[in-house]
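Colleague: I should be grateful for a close look at one part of this structure, the final helix, together with its surroundings. Please set out the reasoning behind each assignment.

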Amino acid sequence: MQPRIPRQSAGEQGGRWPDGTDLDDRFSAELASAVSGARRRAVRDGDRQIDTAHLLHSLLECDAEARALLADGPRVARVLGYLVQRSIGYGLRWQGAVEDSGAVPVMTGVAGFSPPAAAAMEDACARAERRGAARAGGVDLLAALVADPRTRAVEVLARAAVEPHTVLARVEGHFESAP
């Protein structure tokens with residue numbers, strides 16, 4: 001019997017992304033850790049693909065800077081609470097269904113990721129490149145996750161009373177004020 005999701009996502013097989021680029025060349029240590037954590041979470045939850053909620057959950061666990069830009073302490077706790085409940089109630093309707101926000105065309109080149117999650121990873125890399133960074137970081141992924149209003153990550157944030165546009169403004173302000 002084939003596993004429902006590859007033991008390693010395409011982005012982690014042999015330490016390479018589907019285009020042959022080494023993970024170390026594209027992602028900061030925090031972001032690589034978040035992607036690995038999202039993969040483990042998807043496998044443990046029995047999900048077919050890594051989705052944006054998996055990425056958000058692992059990002060908040062791995063990257064203090066992204067967590068600080070998301071919201072105040074109580075709201076972060078509420079977001080994490082919803083994400084933890086995913087496999088025991090909240091989010092059960094997601095099981096067995098591929099996340100597809102409809103905002104991006106279905107991407108077939110990134111096995112193991114839902115189309116919106118793959119798009120968010122690519123967007124994070126593009127955001128880092130536009131600001132002249134050598135690698136995408138957790139804050140780049142946070143901005144990419146909140147940019148598409150029809151993803152599971154944004155649904156979780158909305159339930160926790162975190163406004164995605166506010167988060168995106170915080171991230172943009174963070175980069176503008178950074179040296």
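**The final helix and its surroundings**

Modeller: The protein chain comprises nine helices and zero strands. The model is a predicted one, and its elements follow the order α-α-α-α-α-α-α-α-α from the N terminus on. Of the 179 residues in the protein chain, 47% count as buried. Long-range pairs are well represented in the contact list: among contacts between residues at least 6 apart in sequence, 65% join residues at least 24 apart. The protein chain exposes about 8,500 Å², and carbon and sulfur atoms supply 50% of that area.

I turn now to helix H9, which covers residues 164–177. With 14 residues at 1.5 Å a residue, H9 should span 20 Å, and its end C-alpha atoms are indeed 20 Å apart, so expectation and model agree. Pro164, Val167, Leu168 and Val171 are the buried residues to consider in H9. Viewed down the axis of H9, its buried residues fall within an arc of 100°, and therefore they line one face of the helix. The general background is that an α-helix has 3.6 residues a turn, so residues three or four places apart point the same way. On the other side of H9, His165, Glu176 and Ser177 are exposed.

The partners of the buried face can be named. The buried residues of H9 pack against helix H4 (64–70), helix H6 (115–130), helix H7 (138–147) and helix H8 (152–159).

This packing leads to the nonpolar core. The largest nonpolar core has 43 residues, and those touching the most other members are Leu55, Leu56, Leu70, Val79, Leu141, Leu142 and Val162. Two or more residues of this core come from each of helix H2 (29–45), helix H3 (52–62), H4, helix H5 (73–84), H6, H7, H8 and H9. Leucine 55 serves as an example: setting aside residues up to four places away in sequence, its contacts are Val35, Ala38, Ile50, Ala117, Met121, Leu141 and Leu145. In soluble globular proteins, nonpolar side chains tend to be buried together.

Charged pairs complete the account of the surroundings. The structure holds six salt bridges. One of them joins the side chains of glutamate 122 and arginine 26, at 3.1 Å from N to O. This pair links distant parts of the chain, since glutamate 122 lies in helix H6 and arginine 26 in helix H1 (residues 23–26), 96 residues apart. Arginine 26 has a relative accessible area of 13% and is therefore buried, whereas glutamate 122, at 30% relative accessibility, counts as partly exposed.

A further salt bridge lies within H6: the side chains of arginine 127 and aspartate 123 meet at 3.0 Å, N to O. Because these two residues are four apart in helix H6, about one helical turn separates arginine 127 from aspartate 123. The boundary for burial is 20% relative accessible area. Arginine 127, with 18%, is accordingly buried, while aspartate 123, at 21% relative accessibility, counts as partly exposed.

Arginine 131 forms a salt bridge with aspartate 140, where the closest N and O atoms are 2.6 Å apart. Aspartate 140 counts as buried at 1% relative accessibility, and arginine 131 counts as partly exposed at 39%.

Definitions and conventions: Residues are numbered from 1 along each chain as its sequence is written. This is a predicted model: local features need pLDDT of at least 70, side-chain atom pairs count only at pLDDT 80 or more; totals for chains, interfaces and linings use all residues. Side-chain values use heavy atoms; hydrogens and water are left out. The expected span of a helix is 1.5 Å times one less than its number of residues. Buried means under 20% relative accessible area, exposed over 50%, partly exposed in between (1.4 Å probe, protein chains only). The arc is that of the directions from the helix axis to the C-beta atoms. Contact means heavy atoms within 4.5 Å. A salt bridge is a side-chain nitrogen of Lys or Arg within 4 Å of a carboxyl oxygen of Asp or Glu. A nonpolar core is a set of buried Ala, Val, Leu, Ile, Met, Phe, Trp, Tyr and Cys residues joined through side-chain atoms within 4.5 Å. Accessible areas come from the Shrake-Rupley method with a 1.4 Å probe; for residues, only the protein chains shown count as cover.
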